[in-house]
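Let's take a walk through this one together. Have a look at the model first, and then we'll go through it piece by piece.

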Amino acid sequence: LGDDWGGELEHEQQKAVLRDSRVFIYGGTWPACYTLTIIEAMMTGIPVISVGAKSHEGDRTDVTNTFEVPDIIKNGENGFVSDEIDKLHEIVGELLNNQKRAITIGQAGRERAIELFGKETIARQWKEFLG
């Protein structure tokens with residue numbers, strides 16, 4: 001981002017920026033199936049919009065088998081996923097112009113993130129894994 005990079009944020013600053021923003025656009029990563037950034041964003045209740053698996057096909061041919069964001073986000077219910085740039089643009093506009101819808105989507109995303117990545121869920125998974 002060059003000069004547009006705002007610098008590193010402390011944890012509380014990061015949470016405040018996410019809470020105060022109207023949408024979070026997730027570009028995904030490869031080879032990771034998802035990253036902490038999408039979890040952190042969803043946990044704050046900001047509505048998340050993500051590119052889909054096809055957006056990463058140039059990186060690796062089997063990415064559709066490893067990119068898990070479409071399994072985390074139920075499109076139109078707790079966030080949005082699409083490989084169509086025009087559709088993503090339309091969704092951003094919708095959420096910016098309809099705060100009630102944005103809040104509903106963001107809250108549903110937060111609930112999904114807690115379901116999948118909340119402390120109790122993760123603690124139980126570690127206990128099961130470690131025996």
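Before anything else, a bit of vocabulary: two strands count as paired if DSSP finds at least two bridges between them. Keep in mind, too, that what you're looking at is a predicted model.

With that in hand, start at the sheet. It's an open one, with 3 strands in the order 1-2-3 and parallel pairing. Strand 1 (24-26) and strand 3 (80-82) sit at the edges with a single partner strand each, so one side of each has no neighbour in the sheet. On average, neighbouring strands here are turned by 20° against each other, if you ignore direction.

Now zoom in on the link between strand 2 and strand 3: they run parallel and are joined by 3 bridges. One residue to pick out is S50, which belongs to strand 2 (residues 48-51) and has V81 as its bridge partner in strand 3. Is S50 buried or exposed? Its relative accessibility is 0%, and since buried means under 20%, S50 counts as buried. Beyond its neighbours within four places in sequence, S50 is in contact with several residues, including Y26, F67, V69, I73 and L88.

What packs on the sheet? That's helix 4 (residues 85-97), which touches strand 1, strand 2 and strand 3, its direction making about 175° with that of strand 2.

Last stop, the largest pocket, with a volume of about 250 Å³. Helix 1 (11-20) and helix 2 (36-44) are the elements that give two or more residues to its lining. Among the lining residues are H11, K15, E40, M43 and R110. By class, the lining has 4 nonpolar, 3 polar and 4 charged residues.

Note on methods
Residues are numbered from 1 along each chain as its sequence is written. This is a predicted model: local features need pLDDT of at least 70, side-chain atom pairs count only at pLDDT 80 or more; totals for chains, interfaces and linings use all residues. Side-chain values use heavy atoms; hydrogens and water are left out. On a 1 Å grid over the protein atoms alone, a cavity is a set of points where a 1.4 Å probe fits but cannot get out, and a pocket is an open set with protein on both sides within 12 Å along at least five of seven lines; lining residues have an atom within 4 Å of a point. Grid points are joined across faces, edges and corners, and a volume is the space filled by probe spheres set on the points. Helices (H or I, at least four residues) and strands (E, at least two) are DSSP runs, numbered from the N terminus. Ala, Val, Leu, Ile, Met, Phe, Trp, Tyr, Cys and Pro count as nonpolar, Asp, Glu, Lys and Arg as charged, and the others, Gly among them, as polar. Buried means under 20% relative accessible area, exposed over 50%, partly exposed in between (1.4 Å probe, protein chains only). Contact means heavy atoms within 4.5 Å. Axes are lines fitted to C-alpha atoms, for helices over the stretch in contact, and angles run from 0 to 180 degrees between N-to-C directions.
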